[in-house]
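Me: I would like a close look at a single part of this structure. Please take it step by step and keep the wording plain.

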Amino acid sequence: AAKIGLIDASPFALVAVRLAIAATAAAVLVRAFGRAWPRAASWPHLLIGGALLHGLGLALAHAALVSVDATPTALVHAIHPILTTVLGSLLLRERFAVWQWLGVALGFAGVVLGVPLALGTGNLALLGVSLFGLTGGTLYLRSFCADVPPFEATAVQLIGGALIVLVLMLAFETPHWRWTAPFIGALAWNTIAMSIFGMALYNLMLDRHGAGRASAGFFLVPGASALMAYVLLAEHVTTMQIAGLACASTGVLLVWWRPARAG
C-alpha cells in the first residue's frame with residue numbers, strides 16, 4: 001500500500017496525511033464508545049512513544065521506499081524484533097527461553113541473507129533511523145505506558161506521530177499528493193487497517209506478551225510483503241531473499257512457541 005500511495009504523493013506528506021486522519025478517527029472512536037482518555041501524566045510518554053514508533057518508524061521507511069523495493073525494506077525492519085528482544089531482555093528484564101533465542105538468531109540470519117548491500121548508504125541510513133524509531137518506541141512505551149488501555153494509547157500515540165511527521169514534511173520536502181483512486185485506496189488501508197486497528201492490536205500484544213514477543217510478529221512482515229509485492233507490483237524476489245524469508249518466518253514461530261506443560 002505504501003508503494004502504491006507513493007506514486008501520487010511525496011513520502012512525508014503521505015505519512016502526515018495518514019497519521020492526521022488516523023489520529024482524528026481514533027479520537028472520534030474513543031469518544032463514540034464512551035472510553036476515557038489516558039490520564040494526563042501518561043500523555044507526554046504516549047506522545048514521545050508515538051513520535052518514535054509511528055513518526056520516525058513510518059516516515060523514514062516511506063522515504064526509502066521511493067527508490068527501494070518493498071521486500072528488502074521489510075527485511076531490514078525484521079531486525080526490529082531482534083533489537084527489541086535483546087534490549088528488552090537487558091533493560092526490561094523480560095525472560096526468553098533457549099528456543100526463543102534460537103528464533104531470534106534465525107530471524108537475524110534471514111535478514112542477512114535477504115537484504116542486498118546494493119541499497120546504498122543513504123537508503124540504509126533512512127531505514128536505520130526508521131528501525132531506531134520502531135525499537136525505541138516499543139521499549140519506551142513498554143517501560144512507561146504498559147498500563148494504558150491499547151486503543152486509547154494508540155489514539156494519543158497517533159497524535160505524537162502526526163506532529164513529528166508534519167515537522168519532517170515542512171523541513172525536508174515540498175509536499176504534494178494527488179487524490180487518485182489508487183492513492184485513496186492505499187491511504188484508506190494504511191489509515192484504518194494499519195494505523196488504527198493494527199497498532200491497537202500491537203499495543204494489546206505489547207501489554208499482554210512483552211516487547212520481545214510482540215515485536216517478533218515483524219518477522220512475518222517480509223514474507224507477506226514479498227508475496228504482495230510480487231502479485232501487485234511485479235517485484236522480483238531472489239533465491240537469497242526466499243531463503244531469508246524462510247529463516248525469518250521460522251524465527252517468529254520459535255519466539256512465539258510455548259511447549260505444552262506436563263499434567
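Is Glu 152 buried or exposed? Please go on from there to what surrounds helix H8.

Reply: The model is predicted, and every value below is computed from it. Glu 152 has a relative accessible area of 4%. Buried means under 20%, so Glu 152 counts as buried.

The side chain of Glu 152 forms a salt bridge with the side chain of Arg 35, at 3.0 Å from N to O. This pair links distant parts of the chain: Glu 152 is in helix H8, while Arg 35 is in the loop between H2 and helix H3 (43-65), 117 residues apart. Arg 35 has a relative accessible area of 40%, so this partner is partly exposed. As a general point, side chains of opposite charge can pair when their charged atoms come close.

Helix H8 also holds Thr 154. Thr 154 is buried because its relative accessibility is 2%. Apart from neighbours within four places in sequence, Thr 154 is in contact with Ser 195, Ile 196, Met 199, Ala 200 and Asn 203.

Asn 203 appears again in the lining of the largest cavity, as do Pro 150, Ala 153 and Gln 157. Helix H8 (150-172) is one of the elements that give two or more residues to this lining, along with helix H7 (121-144) and helix H9 (181-215). The cavity has a volume of about 80 Å³, and a search of the whole structure finds one cavity of 30 Å³ or more. Its lining has seven nonpolar, two polar and two charged residues.

The search of the whole structure finds three salt bridges, so two remain to be described besides the one at Glu 152. In one of them, the side chains of Arg 39 and Asp 147 meet at 3.1 Å, N to O. Here Arg 39 is in the loop between H2 and H3 and Asp 147 is in the loop between H7 and H8, 108 residues apart.

Another salt bridge joins the side chains of Asp 8 and Arg 178, at 2.4 Å from N to O. Asp 8 lies in the loop between helix H1 (2-5) and helix H2 (11-32), and Arg 178 lies in the loop between H8 and H9, so the pair ties together parts that are 170 residues apart in sequence. Asp 8 is buried, with a relative accessible area of 5%, whereas Arg 178 is partly exposed at 49%.

To return to the starting point, Glu 152 is buried and its side chain is paired with that of Arg 35.

Terms used:
Residues are numbered from 1 along each chain as its sequence is written. This is a predicted model: local features need pLDDT of at least 70, side-chain atom pairs count only at pLDDT 80 or more; totals for chains, interfaces and linings use all residues. Side-chain values use heavy atoms; hydrogens and water are left out. On a 1 Å grid over the protein atoms alone, a cavity is a set of points where a 1.4 Å probe fits but cannot get out, and a pocket is an open set with protein on both sides within 12 Å along at least five of seven lines; lining residues have an atom within 4 Å of a point. Grid points are joined across faces, edges and corners, and a volume is the space filled by probe spheres set on the points. Helices (H or I, at least four residues) and strands (E, at least two) are DSSP runs, numbered from the N terminus. Ala, Val, Leu, Ile, Met, Phe, Trp, Tyr, Cys and Pro count as nonpolar, Asp, Glu, Lys and Arg as charged, and the others, Gly among them, as polar. Buried means under 20% relative accessible area, exposed over 50%, partly exposed in between (1.4 Å probe, protein chains only). Contact means heavy atoms within 4.5 Å. A salt bridge is a side-chain nitrogen of Lys or Arg within 4 Å of a carboxyl oxygen of Asp or Glu.
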